[in-house]
Amino acid sequence: MIEELSPAEIDAFLHEEVVGRIGCHADGLTYVVPVYFAYDGDAFYVQSAEGQKIEMMRAASDVCFEVDRYEPETGSWRSVIAYGRYEEVDEEGAQRVLALLRGRLASTGRERRPPEPGARRPVAFAIRIDRLTGRAVRR
């Protein structure tokens, strides 16, 4: 049976996970892409190379953000969907985003690699949360 997650369960789940998927839509195109993120209860924070998703979110700032976990040994799953707004951060904010991401990834045993020489410009941004929903199947 599918259950609704409580606000406390949603918050705990989002603090545990590090990979989410941004869904954006602009000029008739819908695009979904995975990203590493940090979460502080009010927003998701991401740093990504400038490209299609950044261009699309600049054009249409309303986005969707999805985080899920599937447990194959039991068939259980959880999924949270956030509706919010894309917001680029300034240089000071970018340093905070990078520190949040490094801390979050380090706590999971992962490290964020430095950009490759000649890589596209990194853009730090927040997705300010307007609404969250969460569901789960627990077996």
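**Exercise 1. Determine in which strand Ser-48 lies, whether Ser-48 is buried or exposed, and which side chain it contacts.**

Solution.
Step 1. In this predicted model, Ser-48 belongs to strand β5, which spans residues 43-49.
Step 2. The relative accessibility of Ser-48 is 10%. The cut-off for a buried residue is under 20%, and Ser-48 therefore counts as buried.
Step 3. The side chain of Ser-48 forms a polar contact of 2.7 Å with the side chain of Lys-53.

**Exercise 2. Establish how the buried residues of helix α2 are arranged around its axis, and which strands they pack against.**

Solution.
Step 1. Helix α2 covers residues 52-59, and its buried residues are Lys-53, Ile-54, Met-56 and Met-57.
Step 2. These residues span an arc of only 165° around the axis, so they sit on the same side of α2.
Step 3. Glu-55 and Ala-59 are exposed on the other side of α2.
Step 4. The packing partners of the buried residues of α2 are β2 (19-26), β3 (29-36), β5, β6 (62-71), β7 (76-88) and β8 (122-137). Lys-53, the contact partner of Ser-48, is one of the buried residues of α2.

**Exercise 3. Carry out the corresponding analysis for helix α1.**

Solution.
Step 1. In helix α1 (residues 7-16), the buried residues are Ile-10, Phe-13 and Leu-14.
Step 2. Viewed down the axis of α1, the buried residues fall within an arc of 95°, and therefore they line one face of the helix.
Step 3. The buried residues of α1 pack against β4 (38-39), β5, β6, β7 and β8.

**Exercise 4. Locate Arg-21 with respect to the strands that pair with β2.**

Solution.
Step 1. Strands β2 and β3 pair in the antiparallel sense, over eight bridges. Here Arg-21 stands opposite Pro-34 in β3.
Step 2. The hairpin of β2 and β3 has two residues between the strands, and Asp-27 in this hairpin adopts a positive phi near 50°.
Step 3. Strands β2 and β6 also pair in the antiparallel sense, over three bridges. In β6, the residue opposite Arg-21 is Glu-66.

**Exercise 5. State the volume of the second largest pocket and identify which element gives the most to its lining.**

Solution.
Step 1. The second largest pocket holds about 190 Å³ of space.
Step 2. Its lining includes Gln-47, Glu-88, Asp-90, Leu-98 and Arg-121.
Step 3. Both α3 (91-106) and β8 supply at least two residues of this lining.
Step 4. The element that gives the most to the lining is α3, with four residues.

Terms used. Residues numbered from 1 in each chain as written. Predicted model: local features only at pLDDT ≥ 70, side-chain atom pairs only at ≥ 80, totals over all residues. Heavy atoms only, no water. Buried < 20%, exposed > 50% of the residue type's maximum accessible area, 1.4 Å probe, protein only. Polar contact = N/O pair within 3.5 Å; in protein donor to acceptor, adjacent residues only side chain to side chain. Arc of directions from axis to C-beta. Contact = heavy atoms within 4.5 Å. Pairing = 2+ DSSP bridges. 1 Å grid on protein atoms, 1.4 Å probe; cavity = no way out; pocket = protein on both sides within 12 Å on 5 of 7 lines; lining within 4 Å. Points joined across faces, edges and corners; volume = space filled by probe spheres on them.
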